[in-house]
Amino acid sequence: MGLFELLKRKQRWQTRLFIGAALLLNALLAGVAPAMPDRYLPLMLCLNLPFVLVAAWWMWWQPFMREQLHHWQQTEMQTCELLQQLEMDYQDAVPVAAQIQRASLKLRNWQKRDAETRQLVRVQGLVDHELAVGNRLYFESRLQHYLTDSAEPVAGALFLLQISHPEPVLHNTVKLPRLRSCIELLTELCSVWPQVVMARIADNDLALLIPGMQSKEAELFGDRLALVLSQASCFSEVQDFDLIHVGFVLYEQGQSSYQLLSEADMALKTAQLQGPNAAFGFADPQKPKIKGSVWWRTELNNALRDKRFLLSFQPVFSWHDEDVLQHEVLVRLQSSDGDKLSAGVFLPMAANCGLTGAIDQTVLLQVAQVCTRERQSYQGRRCSVNITISSVLDNGWWRWLEEQVQQRRLPVDLMALEFHEHHLHQHYLQLKPRLLQLQAWGFALVVDHVGLSLTPAPYSDELPISMLKIHPAVVRHIDQQLEQQLFVRGLLASCSGTDTLVIATAVESESEWHCLKKLGVAGAQGYYFSQPLARLIAQNQLME
C-alpha cells in the first residue's frame, strides 16, 4: 500500500471519528435536555462550541489536505516511474524519501561512470597503450606548449632515444618487455627534474622533454642515458651489440616544434655514425645572440609607453552558417630593431620581467576601443583575447578589471577571454570563482590548447565555457591519423548536451578541414581560411 493510500485512509477514519463523537454528544444532550432547567442551556451550547470550531477548521483544512494528498500521489507516481526507468523495483513498504535516495545514489554512480568513460575516450588518442606512456601526438602537443607558454621555463632539452634490437626476427613478447624496462629506467633517471614529458614516438623510438635543463647537464645526461640503458638487465643477452643511440638538442621558447624535432633527429643520426651506444648533441651555429633581461625590460617598458603592441584578428569560421563566429586577437610587438615579434617570443620575457599584467591591460583596452568602434558593422560578434592566468590571480590586476567593467570601459558583450587549458588544470581551485565572476559580468569564456592534458577536465562540467579550441598538434594531418580523430570524437562526446562549441585551430589544408567537418566540430580557424587581418570583418565577408 502506497503512502497516498495510507494518508487517504487515515483522513477517512479521522472524519468518521469526529462525526461520531459530535453525534453521540448531541444525542446525550438531547436526551437530558427536557429534564434540565433553562439555565443549563448555555452550558449545552458551550459543550457544542468545540465541535463547531473544529468543524469550521475542518472545512478549511479539507481542501488543503486534498491538495497535499494530490502532491503526494504525484510524487509517488513519478518516483515509481523514475525507478522503472532505472530498472529498480518500487517497494510499497519503503518510504518515498528512501526510494528517492536509492535512485539518487544510482544516478550518481552512473554520472561517475559516464565521466570516466568520456575521459577514457578523450585520452585514447594520446596514449601508447603498449607502454602506457604518451604517443607522438601527445609529445608534440606538450612540446608546443613548452615552446610557447610564458609561464613555463624559457629553455630546456629534447632527447630522442632509438633502441636497436640485434635479432633479425623479434616478437613482441621480447620487444615490449625491453621497451617497458627502458621506460622504467628513464622514469628513475628523470626523477630529479620536476617537469618531464616522456613518450613513444615510433616503434622503437622514445622521446624525452626536460624543461629547465642547461647545456652542460644535457651533455652529461645524454652520455648517462646511453651508458645506463645499454647495460640494462633487459639487454643482458645482447650487451655486445649496438643497442642505444641518443640525440639531443637544447631549445628556447620561440622556436618551432618542427625545427626542434628536425634538429633532434639530425643529432640522433650523428650519434648513430659515432659508433655503438653513443650520444650526440646538435648545436645550431645559426642561432641569434640572445637578448639579456635588461634589454627586454627596457624594450617592453618602452613599448608600453609608446603603444607599440600591434593587434591583428583571425576569424573563427562556422561551417554550419558559413559565417564568422568570432575573432581571435593576435598580438605582436613592434621592437625598436624594426622587427615584429610574436607573443610566443616576447611573453616569456615579459613574465620574467613581471610585465604580463601591464601588457594584458594594454591589449584589453585596445581591443575594447576596436569593438566599440565596430559594434554596428560587426553585428555583436565577440573578440577573443588571450589572458595570462597570473594576471587573473593577481588581486591588484583583478581590482583594475572590476573597475573597468563597472565604469563600462570594456564592452563585455563583445569580448571573450581565452585561457590555456594546462593552466586551468594547474590553478583550477583558485581560478574557478573568478572565472564564474567574469562570466557573470558578461565575458564569454574560451579554453584553448585543448589536448595537452591526460587528466580529467573538471571545468567542462562546472564552468559556463562557450568554446573549446583544439590544440594545433591534434589538427595537423588529422585526416591521416586515426588517434587524433578519436581524440576529437571523445572531446565532442564530452560536450554533447551543452552549449560549448568545439573549434579546430591552425587548419591549413582542405583535407584537414573536410575531416574535421565530418567529425562534427562547430568551426575552425587557420591559414586555410584567412591570414590574421588588420581589422574585424563583418558578416559574409570571409570569402571575399
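**Exercise 1. How far apart are the end C-alpha atoms of α5, and what span should its 18 residues have at 1.5 Å a residue?**

Solution. The model is predicted, so that local features need pLDDT of at least 70 and side-chain atom pairs count only at pLDDT 80 or more, whereas totals for chains, interfaces and linings use all residues. Residues are numbered from 1 along each chain as its sequence is written, and side-chain values use heavy atoms, with hydrogens and water left out.

Step 1. Helices are DSSP runs of H or I with at least four residues, strands are runs of E with at least two, and both are numbered from the N terminus. The expected span of a helix is 1.5 Å times one less than its number of residues.

Step 2. For the 18 residues of α5 the expected span is 26 Å, and the end C-alpha atoms are 25 Å apart, which agrees.

Step 3. Buried means under 20% relative accessible area, exposed over 50%, and partly exposed in between, with a 1.4 Å probe and protein chains only. Among the buried residues of α5 are Lys175, Arg178, Cys182 and Leu186. The cover over the buried residues of α5 includes β3, β5 (205–211) and α6 (215–230).

**Exercise 2. Describe which residues of α8 are buried and which are exposed.**

Solution. Step 1. The 14 residues of α8 (residues 293–306) should span 20 Å, and the end C-alpha atoms of this helix are 20 Å apart, which agrees.

Step 2. Trp296, Glu299, Leu300, Ala303 and Leu304 are the buried residues listed for α8. They cover an arc of only 130° around the axis (the arc of the directions from the helix axis to the C-beta atoms), which puts them on the same side of α8. An α-helix has 3.6 residues a turn, so residues three or four places apart point the same way.

Step 3. Val294 and Arg305, on the other side of α8, are exposed.

Step 4. Contact means heavy atoms within 4.5 Å, and the buried residues of α8 pack against β8 (309–318), β9 (323–334), β10 (340–342), α9 (343–353) and α10 (356–373).

**Exercise 3. Characterise the packing of α8 and α9.**

Solution. Step 1. Axes are lines fitted to C-alpha atoms, for helices over the stretch in contact, and angles run from 0 to 180 degrees between N-to-C directions. The angle between α8 and α9 is about 100°, with their axes 10 Å apart.

Step 2. Angles under 35 degrees count as roughly parallel, over 145 as roughly antiparallel, 65 to 115 as roughly perpendicular and the rest as oblique, and α8 is therefore roughly perpendicular to α9.

Step 3. From α8, Ser293, Trp296, Arg297 and Leu300 meet Val345, Phe346, Met349, Ala350, Asn352 and Cys353 of α9. The residues of this contact divide into seven nonpolar, two polar and one charged, where Ala, Val, Leu, Ile, Met, Phe, Trp, Tyr, Cys and Pro count as nonpolar, Asp, Glu, Lys and Arg as charged, and the others, Gly among them, as polar.

**Exercise 4. Locate Asn277 and Ala506, and state the phi of each.**

Solution. Step 1. Most residues other than glycine have a negative phi.

Step 2. Asn277, although not a glycine, has a positive phi of about 50°; Asn277 lies in the loop between α7 (257–274) and β7 (278–282) and is partly exposed, at 23% relative accessible area.

Step 3. Ala506, also not a glycine, has a positive phi of about 60°; Ala506 sits in the loop between β15 (501–504) and α19 (510–519) and is partly exposed, at 29%.
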